[in-house]
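Colleague: I have a few questions about this one. Can you put it up?
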Amino acid sequence: MNLKTSHSSNAQDPQIDERFQRPEPSTPSEHERWCYGDDVEVSEPENEEELIDIIENSAGKGQTLIPTGLGHHAYLGPPPEGKILLVSTSRMNSIVQYEPEDFTIGVQAGVSLRHFIQELATNDQELALDLDPQRDGTIGGLVAANWHGPRRHQHGLLRSLIIGLSGVRANGVRFKSGGMVVKNVAGYDLGKLLVGSLGTLGVITQINFKLRQRSEVVSMGLGFFKDPEDAFAFAQEFAYNSVEPAILEVFNPEAVAGFKKECSSSHSKDWPSEWGVVWKLEGNESSVETQEREIEALKKNRSASASGFESLETEDLSAVSRYLTQFSEPDDPFRQDLALLRFSLPARNTRQLCRDVGRIQKDSKLLSEGQLFSPLSGMSVIRLRGDRPALKAGLTSYRELAKEASAQGKVLFVGKDLRREQTYSLRADPNRALAEKIQKVFDPKQCLHRSRL
Ligand SMILES: Cc1cc2nc3c(=O)[nH]c(=O)nc-3n(C[C@H](O)[C@H](O)[C@H](O)COP(=O)(O)OP(=O)(O)OC[C@H]3O[C@@H](n4cnc5c(N)ncnc54)[C@H](O)[C@@H]3O)c2cc1C
């Protein structure tokens, strides 16, 4: 039986990474200077009026405006040419309205993730994403990056959790859609366009979310397999049964070795560095127990092909969850030898993607820092290590793969030396023409950072 744990509020004092902090107000952080250049300027409006003034004053000065929170993802996509003005939301950082009984909250874009998570924890509530309570970042940055963690197939993408959104377009015109009621948008929901817009359409100033109660019980298990085909076959069984895991992921051996390092229980040291399948169950006591019984039967069916199964102890459960959440982030954004790719394709094609990734890996001089495949959501993340020529050649192979597999793919991270040469999307976006038309409406004078489009 898997070990169960109740949610505990995260009382650890997280370490602040100084490289992302502005040394003084309106000065760039070390990371922003590294990504955008030493002469990057920062403005920090306190409200929408000041924001509109900044946008209007910058018109005709040839500056590229980049909306920003704390700039953690300043590395996304190729940097713009010319003079840059960062428009930071760091002073728009209030919780505007929190209605725990209605499970809704409205926050300004500059509210920090930690503050947000802590506030919700007071009522044992959460946004149904896998936010890491130990990281810096803003809610505006989260929405503009449209990030989602491993629970996405169960709770949906970030877009479906937003009930209202407002902001200012690049031409200084305000926009607003939705409100504080869970179902209130009639017609086309304009606000949803801003989710994942990466600052290319305007500055988001406020977002309203629907929330959920945190689960009473969480349990997590692991299976180990020598052959990836067996790992996928086992994971596939979850989809054919009535088990509804909050998380189900297949890991390659390097990724298994990666999370083993994070685990502290004595027997985690003996886990084999093979292909791994990890699942997480959430719910109340009885629903989790029912699902655990079904998983016991799945394990029995596959016991011949598996090297073993494990239930995670509380400390390992937190470590593996954190490892999973952070998998699509560079451990150090100043690294030059790392590339991080994300693929998204129909869930049934994940296994084939895994085979193709294995073939590219074998033919290249790249080392794997981990691969993660989600057989229920079709999302996969590949971490690659190599010198500049190896990364460049590898990225070309992965672009061809994205094209052949008709997969959506993004270069989530690549070292600064290669960034200028790499587009953010792995293959030409079939909706590019439409995206450009929308961008022209929001930003007619083209003063925003368009290379993230
Ligand atoms: C590759 C990647 C990995 C991630 N990994 C994790 C993780 O491991 N754990 C976790 O909890 N979260 C993760 N996230 C989500 C992350 O928490 C949020 O992206 C975070 O809040 C970033 O905040 P920031 O203020 O540093 O954003 P920034 O880096 O400042 O901005 C990110 C992007 O959004 C745009 N932007 C920022 N604010 C606004 C705004 N107000 N209006 C319009 N555009 C805006 C910027 O121009 C930029 O393109 C990840 C996101 C990405 C993209």
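Modeller: A term to start with: a residue counts as near a molecule if its C-beta atom, placed from the backbone, lies within 6 Å of it. Also, this is a predicted model.

Colleague: Fine. How many residues surround the ligand, and which are the closest?
Modeller: The ligand is surrounded by 34 residues. Gly 69, Gly 137, Gly 140, Gly 141 and Gly 199 are the closest.

Colleague: Which elements give two or more residues to that shell?
Modeller: Those are strand 3 (64-68), helix 4 (139-145) and strand 10 (202-210).

Colleague: And which gives the most?
Modeller: Helix 4 does, with five residues.

Colleague: What is the shell like by class?
Modeller: It has 16 nonpolar residues, 14 polar ones and four that are charged.

Colleague: Changing topic, to the sheet. What is the strand order in the open sheet of three strands?
Modeller: The order is 2-4-3, with parallel pairing. Strand 2 (41-43) and strand 3 are the edge strands, each pairing on one side only. From one strand to the next, the twist averages 30°.

Colleague: How many bridges join strand 3 to strand 4?
Modeller: Five, and the two strands run parallel; strand 4 covers residues 84-88. Within that pairing, Thr 64 stands opposite Ile 84 in strand 4.

Colleague: Which strands does helix 2 touch?
Modeller: Helix 2 (residues 48-58) packs on the sheet and touches strand 2, strand 3 and strand 4.

Colleague: What angle does the direction of helix 2 make with that of strand 4?
Modeller: About 170°.

Conventions
Residues are numbered from 1 along each chain as its sequence is written. This is a predicted model: local features need pLDDT of at least 70, side-chain atom pairs count only at pLDDT 80 or more; totals for chains, interfaces and linings use all residues. Helices (H or I, at least four residues) and strands (E, at least two) are DSSP runs, numbered from the N terminus. Ala, Val, Leu, Ile, Met, Phe, Trp, Tyr, Cys and Pro count as nonpolar, Asp, Glu, Lys and Arg as charged, and the others, Gly among them, as polar. Two strands pair if DSSP finds at least two bridges between them. Axes are lines fitted to C-alpha atoms, for helices over the stretch in contact, and angles run from 0 to 180 degrees between N-to-C directions. Two residues are in contact if their C-beta atoms, placed from the backbone, lie within 7 Å.
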